[in-house]
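Me: I am new to protein structures and would like to know where the words used for them come from. Could we go through some of them together?

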Amino acid sequence: PVRRATRAEQHGYLYAERYPYDPRDGIQAVLRFQEAQSCYQDSGRSQDATRVGQLASNLMVRINTDYASSRLVLETALGSENWSVALSEVRRLLGLTEHMRGHAYVEHLWSIVGRVTIRANDAL
């Protein structure tokens with residue numbers, strides 16, 4: 001379990017570094033840190049488990065804040081018909097919610113992405 005925990009933690013760091021470029025990587029980082037936490041706990045390394053658990057928790061707070069911010073920016077952009085900003089935020093939100101297939105808000109995003117893309121391209 002220690003080797004698996006170390007490997008999962010390392011992958012968590014790699015995904016976390018990529019999060020600013022791809023929101024899906026933030027979710028993957030949290031999952032890897034949680035995996036490492038569980039493995040460390042199983043191997044009796046409670047300090048390491050607590051440490052990586054805190055990493056996962058801190059990153060989740062950041063992701064949730066980014067998600068809320070993106071929702072607000074999207075709604076503002078749609079209201080003001082700023083299609084390029086709206087498209088950027090829809091894409092970001094779809095990345096942040098990729099793991100939530102079937103959720104009503106994700107379905108809403110998928111229902112507007114085509115319209116927003118067309119309008120953003122027309123605005124160019």
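**Turns in the chain**

Me: What phi does Gly 44 take, just after α2?

Reply: Gly 44 has a positive phi of about 80°. Helices such as α2 are DSSP runs of H or I with at least four residues (strands are E runs of at least two), numbered from the N terminus. Keep in mind that this is a predicted model, where local features need pLDDT of at least 70 and side-chain atom pairs count only at pLDDT 80 or more, while totals for chains, interfaces and linings use all residues. Residues are numbered from 1 along each chain as its sequence is written, and side-chain values use heavy atoms, leaving out hydrogens and water.

Me: What makes Glu 81 worth a look?

Reply: Glu 81 has a positive phi of about 55° although it is not a glycine. Most residues other than glycine have a negative phi. You will find Glu 81 in the loop between α3 and α4.

Me: Why does Glu 81 count as exposed or buried?

Reply: Let's set the value against the cut-offs: buried means under 20% relative accessible area, exposed over 50%, and partly exposed in between, using a 1.4 Å probe and protein chains only. Glu 81 is at 54%, so it counts as exposed.

Me: And how is Arg 45 classed, at 36% relative accessibility?

Reply: That value falls in between, so Arg 45 is partly exposed. Arg 45 sits in the loop between α2 and α3 and touches Val 2 and Tyr 40, not counting residues up to four places away in sequence. Contact means heavy atoms within 4.5 Å.

**Inside the helices**

Me: Why is Ser 70 called buried?

Reply: Its relative accessible area is 4%, so Ser 70 is buried. Ser 70 lies in α3, which covers residues 46–79. Leaving aside neighbours within four places in sequence, Ser 70 is in contact with Glu 89, Arg 92 and Leu 93.

Me: Why is Tyr 67 called buried too?

Reply: Tyr 67 has 19%, so it still falls on the buried side. Tyr 67 is also in α3.

Me: How do you know that the length of α2 agrees with its 20 residues?

Reply: The expected span is 1.5 Å times one less than the number of residues. For α2 that should give 28 Å, and its end C-alpha atoms are 29 Å apart, which agrees.

**How the helices pack**

Me: Why are α3 and α5 called oblique?

Reply: Their axes come within 14 Å and cross at roughly 40°. Axes are lines fitted to C-alpha atoms, for helices over the stretch in contact, with angles from 0 to 180 degrees between N-to-C directions. Under 35 degrees is roughly parallel, over 145 roughly antiparallel, 65 to 115 roughly perpendicular, and the rest oblique. The two helices are therefore oblique to each other. Where they meet, α3 brings Tyr 67, Arg 71, Leu 74 and Leu 78, and α5 brings Tyr 105, Leu 109, Ile 112 and Val 116.

Me: What makes a set of residues a nonpolar core?

Reply: Its members are buried Ala, Val, Leu, Ile, Met, Phe, Trp, Tyr and Cys residues joined through side-chain atoms within 4.5 Å. The largest one here has 25 residues, and Leu 59, Ile 63, Leu 74, Leu 78 and Val 116 have the most contacts inside it. At least two residues of this core come from each of α2 (23–42), α3, α4 (83–96) and α5 (104–123). A second, separate core of seven residues includes Ala 5, Ala 8, Cys 39 and Ala 49.
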